[in-house]
Amino acid sequence: MQESNALIKWSLPGFQKAQSNLPILDPLPASNEPYLRSYSWGISVGVTFESYLDNSVEIFWIDFTGQRKLYKTLSLGKTFEVSTYVGHPWLVYNTSNQLSMAIFYPVARYAQVAI
């Protein structure tokens, strides 16, 4: 479902409308995880993850071999800013139900993920 705000490109259960004017990253299904790897050290970008969930979520970088690397655990109202690269996937994992929620690929500009 498309929101009226042009910066909001998606609506996914568990994800909220972001509160800033940063571009929003589009989610990929978490089921894609086994096929993903980081590639490239090219364009450096920043991503801000914001949590609006009552329970904690874990933010993982998917490395060059396809393994998860835990970077941060976020609780309600917390944010996490990370410097990363275009071509490096990030996974959001719900610690309450122990399910992966979505995967995000940074784009060639600063962006955010609202959880």
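Lys69 is partly exposed in this predicted model, with a relative accessibility of 37%. Its salt-bridge partner is Asp63, and the closest N and O atoms of the two are 3.6 Å apart. Asp63, for its part, counts as buried, at 9% relative accessibility. The pairing thus joins a partly exposed lysine to a buried aspartate.

A search of the whole structure returns two salt bridges. Besides the Lys69 and Asp63 pair, there is one between the side chains of Arg68 and Glu33, with an N to O distance of 2.7 Å. Arg68 belongs to strand β4 (residues 68–74), while Glu33 sits in the loop between β1 (27–28) and β2 (44–50), so this contact ties together parts that are 35 residues apart in sequence. Here, too, the basic residue is partly exposed, Arg68 having a relative accessible area of 31%. Glu33 is buried, with a relative accessible area of 16%.

Turning to the nonpolar interior, the largest core contains 15 residues, and within it Phe49, Val57, Ile59 and Val92 touch the most other members. Several strands contribute to this core: β2, β3 (57–62), β5 (79–85), β6 (90–94) and β7 (99–104) each provide at least two of its residues. Another core, made up of six residues, lies apart from it and includes Leu36, Phe60, Ile62 and Leu91.

How values were computed. Residues numbered from 1 in each chain as written. Predicted model: local features only at pLDDT ≥ 70, side-chain atom pairs only at ≥ 80, totals over all residues. Heavy atoms only, no water. Salt bridge = Lys/Arg side-chain N within 4 Å of Asp/Glu carboxyl O. Helix = DSSP H or I, 4+ residues; strand = E, 2+ residues; numbered from the N terminus. Buried < 20%, exposed > 50% of the residue type's maximum accessible area, 1.4 Å probe, protein only. Core = buried A, V, L, I, M, F, W, Y, C linked by side-chain atoms within 4.5 Å.
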